[in-house]
Structures are given as structure tokens and as C-alpha cells.
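Visitor: Could you walk me through this one? I would like to start with the aromatic rings and then move on to a helix.

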Amino acid sequence: MIAAVDHVQLAAPPGSEDALRAYYVDTLGMTEIPKPPVLAARGGCWFGAGAVQLHLGVEADFRPAKKAHPGLRVTGIEAYAARLQAHGAKVTWDGDLPGYRRFYSEDPVGNRLEFLEAVRRSGPGG
């Protein structure tokens, strides 16, 4: 029986670790997770925020996926989008998912990321 998602793995080109650290730590506010030495020798880096882990693994012939992406739930989505923009990241809002505010952005190597927050309903029962 599946209990939870342990992590999501994204790919990145060789030598992109410093740019990834700047984005995932400074821009997104995640923490770098030390990789075990045998895995660290392969390159790439891991990041976490609460129970969320994103692993970036090196792929020699890397090409970012155009559609595939992790969906990351956030709180205070307007402020979070402003944070990304203040760090130079492009934010593209998408209003097509009922019950959510969401936007897309890309990391420095072109991986697509979705950020979303449930919309609180007002009125009776909401």
C-alpha cells in the first residue's frame, strides 16, 4: 500500500548545481539536504521544505520536460509569487483549476514548477 510520496526527482544538466542551489534555497526558501557520499559523487542536489523533497539529478543529455512538473502547495500565494519575481523568476498565473489560485514558474534549467493554494470559500458553509 502506498503511504506517501517520498520525493520528486527532476533532471538537470551537468555543472548546474550552483544555479540550482541559488534558486531552490534563495528564491524558493528550501533547505539543501546533504546527499549520501556515494550519490553526491554523481552530481546534482536535493532540497526540502517540511515534508516536501525535490531531488535534482544530473542527466548528460538534459532537456527540460515541457508539461511534466511537480505541484507544490503553498500558503500566501500572492506573497510567494512576489518573492519569486523579486528574485527574477518569471511567474505565469493560471486560473483554470477551480478552487485554487495557482501559477507556474521555471527553475534556472527550465524545469516547470506549479505552485498552488486552495481558495477559501466565503458565505454559508464556507
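Guide: One definition before we begin: a charge sits over a ring if NZ of Lys or CZ of Arg is within 6 Å of the ring centre and within 35 degrees of the ring normal. Please keep in mind that this is a predicted model.

Visitor: Okay, so which ring does Arg-112 lie over?

Guide: Arg-112 lies over the face of Tyr-104, at 3.9 Å from the ring centre. Arg-101 is placed over the face of Trp-93, where the distance to the ring centre is 4.1 Å, and Trp-93 in turn belongs to one aromatic cluster with Tyr-80, Phe-103 and Phe-115.

Visitor: And how many aromatic pairs does the structure hold?

Guide: There are five aromatic pairs. In one of them, Tyr-24 and Phe-47, the ring centres are 5.0 Å apart and the planes are at 15 degrees, so this pair counts as stacked. The pair links distant parts of the chain, since Tyr-24 is in helix α1 and Phe-47 in strand β3, 23 residues apart.

Visitor: Are those two buried or exposed?

Guide: Both Tyr-24 and Phe-47 are buried.

Visitor: Switching to α1, then: which of its residues are buried?

Guide: In α1, which spans residues 17-27, the buried residues are Glu-17, Leu-20, Tyr-23, Tyr-24 and Thr-27. They cover an arc of only 160 degrees around the axis, which puts them on the same side of α1.

Visitor: What covers them?

Guide: The cover includes the strands β1, β3, β4, β7 and β8, together with helix α3.

Methods:
Residues are numbered from 1 along each chain as its sequence is written. This is a predicted model: local features need pLDDT of at least 70, side-chain atom pairs count only at pLDDT 80 or more; totals for chains, interfaces and linings use all residues. Side-chain values use heavy atoms; hydrogens and water are left out. Buried means under 20% relative accessible area, exposed over 50%, partly exposed in between (1.4 Å probe, protein chains only). Helices (H or I, at least four residues) and strands (E, at least two) are DSSP runs, numbered from the N terminus. The arc is that of the directions from the helix axis to the C-beta atoms. Contact means heavy atoms within 4.5 Å. Rings of Phe, Tyr and Trp (its six-membered ring) pair if their centres lie within 6.5 Å; planes under 30 degrees apart count as stacked, over 60 as edge-to-face and the rest as tilted.
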